[in-house]
Amino acid sequence: MKVAELLSIPQFSDMSIIAGETGINREIHTVNMMDAPDIIHFLHRDEWLVTTAFHLKDHPKLLVELIRAMAEKGCAALGIKTKRFLHEIPKEALLLADELQFPILELPLERSLGEIVNHALRAILNNRETELANALEIHRQFTEFIMKGNGIKQLLRVLSKQISRPVLLYDQYFKPIYTSQRQWAVHLNFNHLSFATSDMAYITFSDIVSKQTYSLFPIHMSEKKIGSLLIMGEIYQSDHFTRLIIDQAMNVISFALMKEYALKQRDRSIRNDFFLHFIDGAFSTTEEIINRAMEFSIINEKKYICCVGKIDDDGNFYTYSQRQEYADEVFRFLEEHLESYSPNIYLFSKSELCILLYKIEDHSINTNLYIEDSLKKIQKLVFDSFQHTISFGVSNLCHKFLHVKTAYKEAVDALSQGQLSKQAEFIYTYNTRNITELLRLIPQDNLKNFYTYVLKEFSIKNDEEKQNLLNTLFVYLETNCQISETAKRLYVHRNTVIYRIEKCEEILGKNFKDPETSLQLRLALRIKSIFEDE
């Protein structure tokens, strides 16, 4: 309750203000009576002191000290029965009260101090009861609004309309989440601004460039995450109704954000578990992998590049739990950023590793430059936000999601190779080191066409005789056409090997001593092993 509101109470119609009238908007939270000369030590902020001034009647100049001390303590006002003991208030006291904007009220002689205190306390309690009723009603309206299926964005519009100010909701990294107005864009630098504790009320500041004043309120998004609600203009402490609306809206928004965050965490965990099971080979069939991947909009018949990142060691000692918790925070930050950056980047995590799966849709771009440019932007984002560097290993392009398991191993190997160089903030691409890895870079349809062309006569899988012949041919070529070594590896007589090789030459109609034929056969048999691995 304000001093002005106190004066409007019918029971106090015979009470008047005799000094400090410009301070009538001071808040009164409680009332006290003066019954000792050292009362100032027992007063509190926003307290109204009423007195007969008995202890001041012989020392009227002490009233000046009392007024100054009460103003410094943030007391609300001073009420004096001027016609009881202190018949005249010193002029310097009145001037000081005007200067400090500290109200001095003249109390009616016929009312006792107890009566005045009782009326004042009753008025304060009634005022609080009205505020509480308003708060409950506003909270009910906002909660009902959300329960009916309206989102946070619509709630911000309702809040904006009620307080006649545009509002904007930020996450804990000061990234805009929702705004009450489509066209309202705020360009502010929050690099050195944060809510250190959840107990902070709000911050009021002005933008140097636009000269616009803003009020920033902390809002809980989860147990450890504190976002913020930006409101245009200054919200004054004395504007109870506006503060009341904002507080209740913040409570409802906070619960809605916590629910939204919990759902996101659940979806993120399910998606991450699927990917980890996939790269660990936990699924029994490729059909199950393909169907599960489609649940997360991951299409098998697309091209992918896998990147594996890890935060660089800064030389300080951290426990495993500390490193893991910090890595989780960085990876969550990256995932929230990537959601608005590109729908074709999937983020997963495994312990301290960040796994980025790029879906390559545009075949006209230079893939290597695109990946490198994207990872450099991510590295800059991490450094600007956390003052830490992160390094990446990059796989080769794979032509199906089913091949991402191999791409992941390539990216991990590339990251390990880069770490051996003792560098930081590097991007290291995997180098193919054998024929099989090189063949994996070729689209699968082309591999199948080549395999069918070279070994079409052996394409019948249920023909046991032909499969035995093909296995013998594979070992024969891998041992550089050594009959004895082939027989030894197959546990058969060398004449059996000679017979099978001659039979293969007869079926294919080719001479295996021809270098071109031998090369084609070896490549086709390597392709066969790739298909069998899948």
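This is a short talk on the fold of one protein chain, beginning with the whole chain and then taking two sheets and the helices beside them.

What you see above is a predicted model, in which local features need pLDDT of at least 70 and side-chain atom pairs count only at pLDDT 80 or more, while totals for chains, interfaces and linings use all residues. Residues are numbered from 1 along each chain as its sequence is written, and side-chain values use heavy atoms, with hydrogens and water left out.

Let me start with the overall shape. Along its principal axes the C-alpha trace of the protein chain spans about 135 × 50 × 40 Å. Its radius of gyration is 39 Å, where a compact globule of 534 residues would have one near 24 Å; that radius is taken over C-alpha atoms, and the globule rule is 2.2 Å times the number of residues to the power 0.38. The chain has 16 helices and 15 strands, which are DSSP runs numbered from the N terminus, helices being H or I with at least four residues and strands E with at least two. Of the 534 residues, 45% count as buried, meaning under 20% relative accessible area, with exposed over 50% and partly exposed in between, for a 1.4 Å probe and protein chains only.

Now to the first sheet. It is open, with 5 strands in the order E7-E6-E10-E9-E8 and antiparallel pairing, where two strands pair if DSSP finds at least two bridges between them. Strands E7 (176-179) and E8 (203-206) stand at the edges with a single partner strand each, so one side of each is left without a neighbour in the sheet. E8 is joined to E9 (residues 213-220) by 4 bridges, and Phe205 has Tyr214 in E9 as its bridge partner.

Which strands does helix H5 lie across? Helix H5 (residues 152-163) lies across E6 (167-170), E7 and E10 (226-232), at about 140 degrees to E6; axes here are lines fitted to C-alpha atoms, for helices over the stretch in contact, and angles run from 0 to 180 degrees between N-to-C directions. The buried residues of H5 are Ile152, Leu155, Leu156, Leu159, Ser160 and Ile163. They cover an arc of only 140 degrees around the axis, which puts them on the same side of H5, the arc being that of the directions from the helix axis to the C-beta atoms. An α-helix has 3.6 residues a turn, so residues three or four places apart point the same way. The buried residues of H5 pack against helix H4 (113-147), E6, E7, E10 and H6, contact meaning heavy atoms within 4.5 Å. Just after H5, Ser164 takes a positive phi of about 55 degrees.

Helix H6 (residues 240-279) also lies across this sheet, touching E6, E7, E9 and E10, and runs at about 45 degrees to E9.

The second sheet is open too, with 5 strands in the order E12-E13-E11-E14-E15, but its pairing is mixed. E12 and E13 (residues 353-360) pair in the antiparallel sense over 6 bridges, and the bridge partner of Ser349 in E13 is Cys354. H6 packs on this sheet as well, touching E12 and E13, with its direction at about 75 degrees to that of E12.

One residue of H6 is worth a look, namely Arg271. Is Arg271 buried or exposed? At 17% relative accessibility Arg271 counts as buried, and, leaving aside residues up to four places away in sequence, Arg271 touches Phe296, Glu335, Leu347 and Phe348.
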